[in-house]
Amino acid sequence: MEQGIVRPVGVVRRQDQRVYIDLNPQYLPALRGLEEYSHLHLLWWFDGCDNERSRGRLQVGTPHDNAPEQLGAFATRTPHRPNPIALDVAAIRWIDHRIGRICVDRTDARDGSPVLDIKPYTPGDRVEKLCSPSWLMTGQEPQ
């Protein structure tokens with residue numbers, strides 16, 4: 001394998017009001033044991049923002065009250081960033097090992113978005129003492 005090359009392991013599918021991760025066939029063995037976890041980390045490509053304009057936006061506006069008017073892309077969850085990589089945490093509803101399909105409760109990815117990696121969510125992923133700006137309101141992120 002070549003170093004520095006990122007290849008999708010699958011794709012997000014939205015069908016019948018459900019969200020699926022469909023793995024490429026060669027990655028089916030990588031699912032072994034994932035069914036023992038309740039949640040996963042989903043790394044996917046913000047394919048809708050993979051253009052020079054979005055990749056060049058290093059500062060973005062914020063919708064938060066009392067927040068700075070502009071924030072750096074690394075201080076936000078905006079899809080406009082140098083490498084449009086996204087991260088979601090999702091609950092695993094079920095896994096079909098035979099066809100390589102994972103049904104999850106949610107993702108911000110659109111239908112057809114490339115999946116870069118899947119990792120189990122473990123107790124060590126939880127942050128006990130979290131610090132964030134006082135102006136941050138839950139459920140809203142700068143675009």
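Trainee: Does His-41 count as buried or exposed?

Mentor: This is a predicted model, where local features need pLDDT of at least 70 and side-chain atom pairs count only at pLDDT 80 or more, while totals for chains, interfaces and linings use all residues. Residues are numbered from 1 along each chain as its sequence is written, and side-chain values use heavy atoms, leaving out hydrogens and water. Buried means under 20% relative accessible area, exposed over 50%, and partly exposed in between (1.4 Å probe, protein chains only). His-41 has 15% relative accessibility, so His-41 counts as buried.

Trainee: Which side chain does His-41 join through a polar contact of 3.0 Å?

Mentor: A polar contact pairs N or O atoms within 3.5 Å; within protein, one must be able to donate a hydrogen and the other to accept it, and residues adjacent in sequence count only if both atoms are side-chain atoms. At 3.0 Å, the partner of His-41 is Asp-125.

Trainee: Which strand holds His-41?

Mentor: Strands (E, at least two residues) and helices (H or I, at least four) are DSSP runs, numbered from the N terminus. His-41 lies in the run of residues 39–45, which is strand 3.

Trainee: Which strand gives the largest share of the largest nonpolar core?

Mentor: Such a core is a set of buried Ala, Val, Leu, Ile, Met, Phe, Trp, Tyr and Cys residues joined through side-chain atoms within 4.5 Å. This one has 21 residues, and Leu-40 and Ile-102 are among those touching the most other members. Strands 2, 3, 6, 7 and 8 each supply at least two residues. The largest share, four residues, comes from strand 6.
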